[in-house]
Amino acid sequence: EPFIAVMPAAGTRPGYGGEWAGPWERALVDGVIPFVDRMLPTIATKRGRILAGLSAGGFGALDIGLRHPGLFGTLESWSGYFAPLPDGPFKHATKSLLDANDPTLLARREASALHNTRFFLSTGPYHSHLIQPSQTHAFAFELERLGLQVAFTAVRQKRGEWSDQLDAGLGWALTSPASSAAPSTTATNAAMRATPSIPLGK
């Protein structure tokens, strides 16, 4: 299925290691999306937009997507995390600002507006003391508890983990929502050959 991929950068310099939030959220929502919809033949609706990211980008995809529940039909986090870290725009953040960018709190607050939003969460092996695979599983269970549409995938081997998650995430995102509408849906078989699926609720 044809799709348009847009990969904006965050930060003011190469190698930026802070959060995808604050000014970068505003740049994406107020700048990138309107520009892309104006310049390219997009489906300029929630249904036509997917927001996904790896690691810090996975946090950013969920944070931004949950803060703007009417913008994106699919949200994906690949080896991401689910609480803001005290760096970048959150370096000296107040508790209220951190809470306003906490994906778990946002999902609970916006649950009624998210029933036509699809979530794909994946994790590889441990790759940081701040990012544990169990956090992804726990967040997936929380989304399911809220009655939301979520798929969870774990990659067992470290070699190729990120490309495997990319393949699985894109395969699932580009699957017709009608064929993956129920909670605990897994990605398509073709995308999942290298990335075993763990159904929720088992």
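**Group meeting: two pockets and a four-stranded sheet**

I will begin with the second largest pocket, whose lining consists of Pro 8, Ala 9, Ala 10, Arg 13, Pro 14, Gly 15, Tyr 16, Gly 17, Gly 18, Trp 20, Ala 56 and Gly 57. By class, seven of these residues are nonpolar, four are polar and one is charged. The volume of this pocket is about 150 Å³. Please keep in mind that what we are looking at is a predicted model.

Next, the largest pocket. Its volume comes to about 1,500 Å³. How many residues line the largest pocket, and which lie nearest its centre? The lining has 47 residues, and those nearest the centre are Ile 4, Ala 5, Arg 49, Ile 50 and Leu 51. Of the lining residues, 28 are nonpolar, twelve are polar and seven are charged. Several elements contribute: helix 1 (23-39), strand 1, helix 2, strand 2 and helix 6 (161-173) each give at least two residues to the lining of the largest pocket. As a general remark, empty space of this kind is found by rolling a probe the size of a water molecule over the atoms.

Some of those elements belong to the sheet, so named here as the next topic. It is an open sheet of four strands, in the order 1-2-3-4, with parallel pairing. At the edges are strand 1 (50-54) and strand 4 (149-154), each of which pairs on one side only. On average, neighbouring strands of the sheet are turned by 10° against each other, ignoring direction.

Let me look at one strand pair. Five bridges join strand 1 to strand 2 (residues 74-78), in the parallel sense. One residue to find there is Gly 53, whose bridge partner in strand 2 is Ser 77.

Helix 2 covers residues 56-67. Which strands does helix 2 lie across? It lies across strand 1, strand 2 and strand 3 (118-123), and it runs at about 150° to strand 1.

Two serines in loops deserve a look at their backbone. Ser 55 sits in the loop between strand 1 and helix 2. Its phi is positive, about 55°, although Ser 55 is not a glycine. Ser 79 sits in the loop between strand 2 and helix 3 (95-99). Its phi is positive too, near 50°, and Ser 79 is likewise a residue other than glycine.

Last, confidence. The protein chain has a mean pLDDT of 83, with 85% of its residues at 70 or more. Where is confidence highest, and where is it lowest? Helix 4 (residues 103-110) is highest, at 96, and helix 7 (residues 189-192) is lowest, at a mean of 29. Across residues 179-202 the pLDDT is below 50, and in the model this stretch has 52 contacts beyond near neighbours in sequence. Where pLDDT is low, predicted coordinates should not be read in detail.

Methods: Residues numbered from 1 in each chain as written. Predicted model: local features only at pLDDT ≥ 70, side-chain atom pairs only at ≥ 80, totals over all residues. Heavy atoms only, no water. Pairing = 2+ DSSP bridges. Axes fitted to C-alpha atoms, helices over the stretch in contact; angles between N-to-C directions. Contact = heavy atoms within 4.5 Å. 1 Å grid on protein atoms, 1.4 Å probe; cavity = no way out; pocket = protein on both sides within 12 Å on 5 of 7 lines; lining within 4 Å. Points joined across faces, edges and corners; volume = space filled by probe spheres on them. Nonpolar A, V, L, I, M, F, W, Y, C, P; charged D, E, K, R; others polar. pLDDT = per-residue confidence, 0-100.
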